[in-house]
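Welcome, and please open your viewer before reading on. This tour tells you what to select at each stop and what you will find there.

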Amino acid sequence: MKKIVLTLVAMMAVTCSFAKSNETDKRFDMSCDIYRLSVVLDLDERQMDAVEAILDDFSNEMQSLTTLKGPQQRFRIHQAVRKDAAQMRQVLNDKQFRDYMRILMVTLRNRHL
């Protein structure tokens, strides 16, 4: 009986540690549905391809930041967002860019980044 209880406790501890690491990874997952974004921003075909490539790069960069902690992580997030904004600025017009930045900032705020 004692072995069963200890086994259950060990399994619960391992499960909780995996759940915690997955939760952190989800915060940094910046992938999105490009079709829905193209509808909201009213993108044409050329813009859609460019935005998809930029978002893929941004998502990969944000995923690489999951291992960092503290001020270094916040600095690198700030750099990644600025780089993403500069690239989007070249592709989108003023209204589209404002809408995109609003969506991005709300997303970052909701994920506590």
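The stops below go from the whole chain to single residues.

**The whole chain**

Start with everything shown as a cartoon, and keep in mind that this is a predicted model. The chain has five helices and zero strands, so colouring by secondary structure will give you helices and the segments around them, because only runs assigned as helix or strand are counted here. Followed along the sequence, the pattern reads α-α-α-α-α.

Now switch on the surface. About 8200 Å² of the chain is exposed, and carbon and sulfur atoms supply 58% of that area. Of the 113 residues, 30% count as buried. How many of the contacts between residues at least 6 apart in sequence join residues at least 24 apart? The share is 67%.

**The nonpolar core**

Hide the surface and select Val 51, Met 62, Met 88, Leu 92, Tyr 100 and Leu 104. These are the residues with the most contacts inside the largest nonpolar core, which has 26 residues. Four elements each give two or more residues to this core: helix H2 (34–41), helix H3 (45–63), helix H4 (70–91) and H5. Which of them gives the largest share? That is H4, with six residues.

Stay with Met 88 and show what surrounds it. Setting aside neighbours within four places in sequence, Met 88 is in contact with Val 51, Ile 54, Leu 55, Phe 97 and Tyr 100.

**A charge over a ring**

Select Arg 89 together with Phe 97. Arg 89 lies over the face of the Phe 97 ring, at 4.9 Å from the ring centre. If you go looking for aromatic pairs as well, you will find zero of them in this structure.

**Two buried glutamines**

Next, select Gln 96 in helix H5 (residues 94–110). Is Gln 96 buried or exposed? Its relative accessible area is 6%, and Gln 96 counts as buried because that value falls under the 20% cut-off. Add Gln 47 to your selection: the side chains of Gln 96 and Gln 47 make a polar contact at 3.0 Å. Not counting residues up to four places away in sequence, Gln 96 touches Leu 41, Asp 42, Leu 43 and Gln 47.

Then move to Gln 73, which sits in helix H4. Gln 73 is buried too, with a relative accessible area of 11%. Beyond its neighbours within four places in sequence, Gln 73 is in contact with Phe 28, Leu 65, Thr 66 and Leu 68.

**The loops on either side of H2**

Select Cys 32, in the loop between helix H1 (2–27) and H2. With 45% relative accessibility, Cys 32 counts as partly exposed. Leaving out residues up to four places away in sequence, Cys 32 touches Leu 37 and Leu 55. For a distance to draw, pick the C-alpha atoms of Cys 32 and Ser 59: they are separated by 9.0 Å, although the two residues are 27 apart along the chain.

Now go to Asp 42, in the loop between H2 and H3. What is its phi angle like? Asp 42 has a positive phi of about 55 degrees, although it is not a glycine. At 61% relative accessibility, Asp 42 counts as exposed. You have met Asp 42 before, as one of the residues that Gln 96 touches.

**A stop on H3**

Select Glu 52, which lies in helix H3. Glu 52 is partly exposed, with a relative accessible area of 43%. Its C-alpha atom and that of Asp 33 are separated by 9.4 Å, with their positions 19 residues apart along the chain.

**The segment after H5**

Finish with Leu 113, in the segment after H5. Is Leu 113 buried or exposed? Leu 113 is buried, with a relative accessible area of 17%. To see what surrounds Leu 113, select Arg 27, Phe 28, Met 62, Arg 74, Ile 77 and Leu 108, the residues that Leu 113 touches when those up to four places away in sequence are not counted. For one last distance, take Arg 74: its C-alpha atom is separated by 7.7 Å from that of Leu 113, and the two residues are 39 apart along the chain.

Notes: Residues numbered from 1 in each chain as written. Predicted model: local features only at pLDDT ≥ 70, side-chain atom pairs only at ≥ 80, totals over all residues. Heavy atoms only, no water. Phe/Tyr/Trp six-rings, centres within 6.5 Å; stacked < 30°, edge-to-face > 60°. Lys NZ or Arg CZ within 6 Å of the ring centre and 35° of its normal. Buried < 20%, exposed > 50% of the residue type's maximum accessible area, 1.4 Å probe, protein only. Polar contact = N/O pair within 3.5 Å; in protein donor to acceptor, adjacent residues only side chain to side chain. Contact = heavy atoms within 4.5 Å. Core = buried A, V, L, I, M, F, W, Y, C linked by side-chain atoms within 4.5 Å. Areas by Shrake-Rupley, 256 points an atom, 1.4 Å probe, with all protein chains shown as cover.
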